[in-house]
Amino acid sequence: MREIVAVIVGIEKYSRSGIDISSPFANAMTAARHLLGMGAKAKNIHLLVNRTSSSDGYRGEVDIERLRAEGVTVLEEPTKAAILNELASVPAGIPPDSRLFLYWCGHGYAGAGDRILLCSDYDAARCDDRTFSATRRFRRLGSHPEYTCFTEQIFLVDVCARYSDVIDPDQLSVSGQRHARQVAAFATREGGYSRGGFSDVALDWLGRQKTWPDTGIVLKTLLPELDKAKLKPFTLDADDEATTIAGRRFGGASARSYPPHVLEMQALLASANLSSQAIRNSYEATLVDLRLPVEGDPDLVQMLAELAEMLDAEDLTDISDAFLQFVTRLSFDPEGAPLKRWLEELPAPLAYRRNSVRERLAAEADEKLLIVEIDGNERADPSLLSAFACTRAGKWLNVPPFQRQLADWDELSAAVNSALDSMVQKGVQISEIQFVVRPFLFHHEFHKIPRPNEGELGEHYVVVLRDKYRAYQDPPPQAVLAYKQAMAKCSPDKIKLVQIPSEATKLPQMFSGDQGFCYAGFICGPDPHAETGRRDILRRVVLRGVGYAYWLQKEPACGGDWTIALKKYLLGALAGVGQLKDLPSWIRNGRQECNELAVHGALLWDDPDFKPFLKLSSPSRTST
């Protein structure tokens, strides 16, 4: 019987912070099981996987040990060195005319003419060479003398194929006569973004192959199934000279390969008076709305090509909803008139989709916020309150600002209620209140300000805190932007929780790890006798760039170690929201339900891209 050898890679956790993902581990384990069912000997399966902890802390130990017991080689550090070592060892003792299967699931890019995959130890901040060139390895495995024992080879690769000019792939020699029949299916085309589904279909197809499939029928049987799922992979067939790897550049598609609307929009944006930051913000907001991670630093045409690729349709010249959303967001910009005209001139079949996207985003942008600024002294006494209303998009409402001198906290509560009542009288429906204060006021329970006959402020409105000093910094500090970008790259359920220590001497240790959502391991409340050093710890955390943090202002009566209960609550909150921006509403709902971990908690929510505060110095404060 001809031998089947498999190298299976599933990477969820990377050295580079902020790019961990879920599902590669489970996919790799499934692939290993299917190969065993196909007749592969356990000793010929090389499994290289790691996994991020699930919500219950399980890391797959039982499944891994079961495969090890059967004889599968399992390595739990899929670094570049480990992967290359396994590939180098697979021909040993393998008889001629055997088969080689390679599956890879994780992160990948296209660049420098190749499809390249990221090994678990990849971290651009320290190095850029821990990558694996799928393109060159495909050719090398099919032509190098060491691998002549493998006359048939199948590759299934579930990664993105976005462009990158910063990654230098393996410089491998790929000369030599090809001796193997090879076929490969990559999850995405050039510039595409893997949005899931490829492995589900491909592994289901693999599981139905009771014996090794002839390479000549792989694409004939797999592609129709992918097509039914509206997935458009990139494929290679070494027997078909029209699509051999030598005849195509992977990392830089020519302009001719872009849909017409991509080139049209590229020219329109190049001539429009829109800032590069506005374009980037619209791109990132679109990806976040689609629950996709934000990675890399693509240029304009790469952004447009990626958004255009997000199309579940036969005709790729059609316009994707992602592309429409991106353009619509930009059309709301004061300089977005050319984009509005472009949207209006779309053909009739696109009018419904255009209007649907526009209405949803307009409602999102039109959400009303009350900004409340409070001045005070180092003794934490309030002195002045200023309040104004704006939309989520940062547009000022035509409502006179509210201002009042303060003598104490009772006057502050009354002033907040007066500001809200004045908005109600003018027909302005506020959904969120942002208190812009200095960190030495963080201990005050703003969300517990009583509303006459209506309970507390936090039960009716989303209430968050902003650091006043950072709110006026333009441009925002690089540390703040980097923190936000690191958080944006993760889905909420994959964001790491970082505990703020109660001792200042332990702060350096806290900042030595990955960035994440911070929560305090101490109480920081309104008690005047409370340790002021804890307020200083929060101030120092803010100065380091942390934009999202939570702390309790009163010890809950939950019994036991309340820090464990708080961590569990925040993990549940992050797992329960579709997008990180929904977390403040989740906390508000908890206050409505009288969850004491929400009722007694304060939320820092500094968004460096939302800065209507800068307009306070404008003479036309009341204009829209």
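In this predicted model, the count of disulfides comes to 0. A disulfide is a covalent bond between the sulfur atoms of two cysteines. Two of the cysteines, Cys-119 and Cys-524, are buried. The points below take up these cysteines, then a helix pair, the aromatic rings and one further helix.

**Cysteines**

- Cys-119 has a relative accessible area of 0% and is therefore buried, since the cut-off for this class is under 20%.
- Cys-524 also falls under that 20% cut-off, because its relative accessibility is 3%.

**Helices H9 and H10**

- Helix H9 spans residues 300-309 and helix H10 spans residues 321-331; their axes come within 6 Å and cross at roughly 135°.
- The two helices, H9 and H10, are therefore oblique to each other, because this crossing angle lies between the perpendicular range, 65 to 115, and the antiparallel range, over 145.
- On the H9 side, the contact is made by Leu-304, Leu-307 and Ala-308, while H10 contributes Ala-322, Phe-323 and Phe-326.
- Sorted by class, the contact of H9 with H10 has 6 nonpolar residues, with no polar and no charged ones.

**Aromatic pairs**

- Across the whole structure, a search finds 10 aromatic pairs.
- Phe-323 of the H9 and H10 contact belongs to one such pair, with Trp-342: the ring centres are 6.1 Å apart and the planes stand at 50°, so the pair is tilted.
- This pair links distant parts of the chain, as Phe-323 lies in helix H10 and Trp-342 in helix H11 (residues 337-344), 19 residues apart.
- Phe-323 and Trp-342 are both buried.
- In another pair, Tyr-548 and Trp-605 have ring centres 4.5 Å apart and planes at 65°; because angles over 60 count as edge-to-face, the pair is placed in that class.
- Tyr-548 belongs to strand E21 (residues 548-552) and Trp-605 to strand E22 (residues 601-605), so that this pair too links distant parts of the chain, 57 residues apart.
- Tyr-548 is buried, as is Trp-605.
- Trp-409, Phe-435 and Phe-446 are linked into a cluster by ring pairs.

**Helix H4**

- Helix H4, residues 134-143, is mostly covered, with 7 of its 10 residues buried.
- The buried residues of H4 are Ala-134, Thr-135, Arg-137, Phe-138, Leu-141, Gly-142 and Ser-143.

Key:
Residues numbered from 1 in each chain as written. Predicted model: local features only at pLDDT ≥ 70, side-chain atom pairs only at ≥ 80, totals over all residues. Heavy atoms only, no water. Axes fitted to C-alpha atoms, helices over the stretch in contact; angles between N-to-C directions. Helix = DSSP H or I, 4+ residues; strand = E, 2+ residues; numbered from the N terminus. Parallel < 35°, antiparallel > 145°, perpendicular 65-115°, else oblique. Contact = heavy atoms within 4.5 Å. Nonpolar A, V, L, I, M, F, W, Y, C, P; charged D, E, K, R; others polar. Disulfide = S-S within 2.5 Å. Buried < 20%, exposed > 50% of the residue type's maximum accessible area, 1.4 Å probe, protein only. Phe/Tyr/Trp six-rings, centres within 6.5 Å; stacked < 30°, edge-to-face > 60°.
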